[in-house]
Amino acid sequence: AATEGGEDEVYVLKRYYTFGQLTRFISAGDTRLFTKSSDPAGWAGVDAVAVRKPSGEVVVVVVNDGAAKSLTVSGLEAFAGAQVAVTTTTASKNWAESTLTFGGELPLEKDSVTTFVFG
């Protein structure tokens, strides 16, 4: 949209940040890992993908189309106690970075895309 001074404004859609969660952290050469996630309440709307990078890092990207919750993903037990880099996109956050000490569960914010980088 043009402004009074003749400059254009750029609007970035939320799906740009959502798609960015995948393209920033998953790339050619990564190996997709088979994982099972906990689903004790029959949660719909939680999708996850896990990959091992050639460097040995494991990346888990989770899309949560629902209420805040914690998710247990099989195959991550070896990372108990490790520092994990977290990147989150929600309605009010765009690629917000933080860290957590992995205790066996992945915390998911309401209606979010969250990337966890282990190792």
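A residue is counted as partly exposed when its relative accessible area lies between the 20% under which residues are buried and the 50% over which they are exposed. In the predicted model described here, Trp95 falls in the partly exposed class because its relative accessibility is 23%.

The protein chain is built from 1 helix and 8 strands. Read from the N terminus, the order of these elements is α-β-β-β-β-β-β-β-β. Of the 119 residues in the protein chain, 33% are buried. Contacts between residues at least 6 apart in sequence were also examined, and 57% of them join residues at least 24 apart. The protein chain has an accessible surface of about 7,200 Å², and carbon and sulfur atoms account for 54% of that surface.

Two loop residues stand out by their backbone geometry. Trp95, located in the loop between strand E5 (83-89) and strand E6 (96-101), has a positive phi of about 50° although it is not a glycine. Asp111, likewise not a glycine, has a positive phi of about 45°. Asp111 is placed in the loop between strand E7 (106-108) and strand E8 (112-118), and its relative accessibility of 41% makes Asp111 partly exposed.

Aromatic contacts were considered next, and the structure contains 5 aromatic pairs. In one of these, the ring centres of Tyr16 and Tyr17 are 5.1 Å apart with their planes at 85°, so the arrangement is edge-to-face. The two partners differ in burial: Tyr16 is partly exposed at 48% relative accessibility, whereas Tyr17 is buried at 17%. A further aromatic pair, between Phe79 and Phe118, is tilted, with 5.0 Å from centre to centre and 45° between the planes. This pair links distant parts of the chain, as Phe79 lies in the loop between strand E4 (69-71) and E5 while Phe118 belongs to strand E8, 39 residues apart. Phe79 is buried, with a relative accessible area of 17%, and Phe118 is buried as well, with a value of 0%.

Tyr16 and Trp95 each take part in additional features. Tyr16, a residue of helix H1 (residues 14-25), joins Val10 and Val12 in a nonpolar surface patch, and together these residues have about 330 Å² of accessible area. Through ring pairs, Tyr16, Tyr17 and Trp95 are linked into a cluster. Arg24 is positioned over the face of Trp95, at 4.6 Å from the ring centre. Trp95 thus combines a positive phi with membership of the aromatic cluster and a place beneath Arg24.

Notes: Residues are numbered from 1 along each chain as its sequence is written. This is a predicted model: local features need pLDDT of at least 70, side-chain atom pairs count only at pLDDT 80 or more; totals for chains, interfaces and linings use all residues. Side-chain values use heavy atoms; hydrogens and water are left out. Helices (H or I, at least four residues) and strands (E, at least two) are DSSP runs, numbered from the N terminus. Buried means under 20% relative accessible area, exposed over 50%, partly exposed in between (1.4 Å probe, protein chains only). Contact means heavy atoms within 4.5 Å. Accessible areas come from the Shrake-Rupley method with a 1.4 Å probe; for residues, only the protein chains shown count as cover. Patches are made of residues with over 30% relative accessible area and no salt bridge: like charges are joined within 9 Å, nonpolar side chains (Val, Leu, Ile, Met, Phe, Trp, Tyr) within 5 Å. A salt bridge is a side-chain nitrogen of Lys or Arg within 4 Å of a carboxyl oxygen of Asp or Glu. Rings of Phe, Tyr and Trp (its six-membered ring) pair if their centres lie within 6.5 Å; planes under 30 degrees apart count as stacked, over 60 as edge-to-face and the rest as tilted. A charge sits over a ring if NZ of Lys or CZ of Arg is within 6 Å of the ring centre and within 35 degrees of the ring normal.
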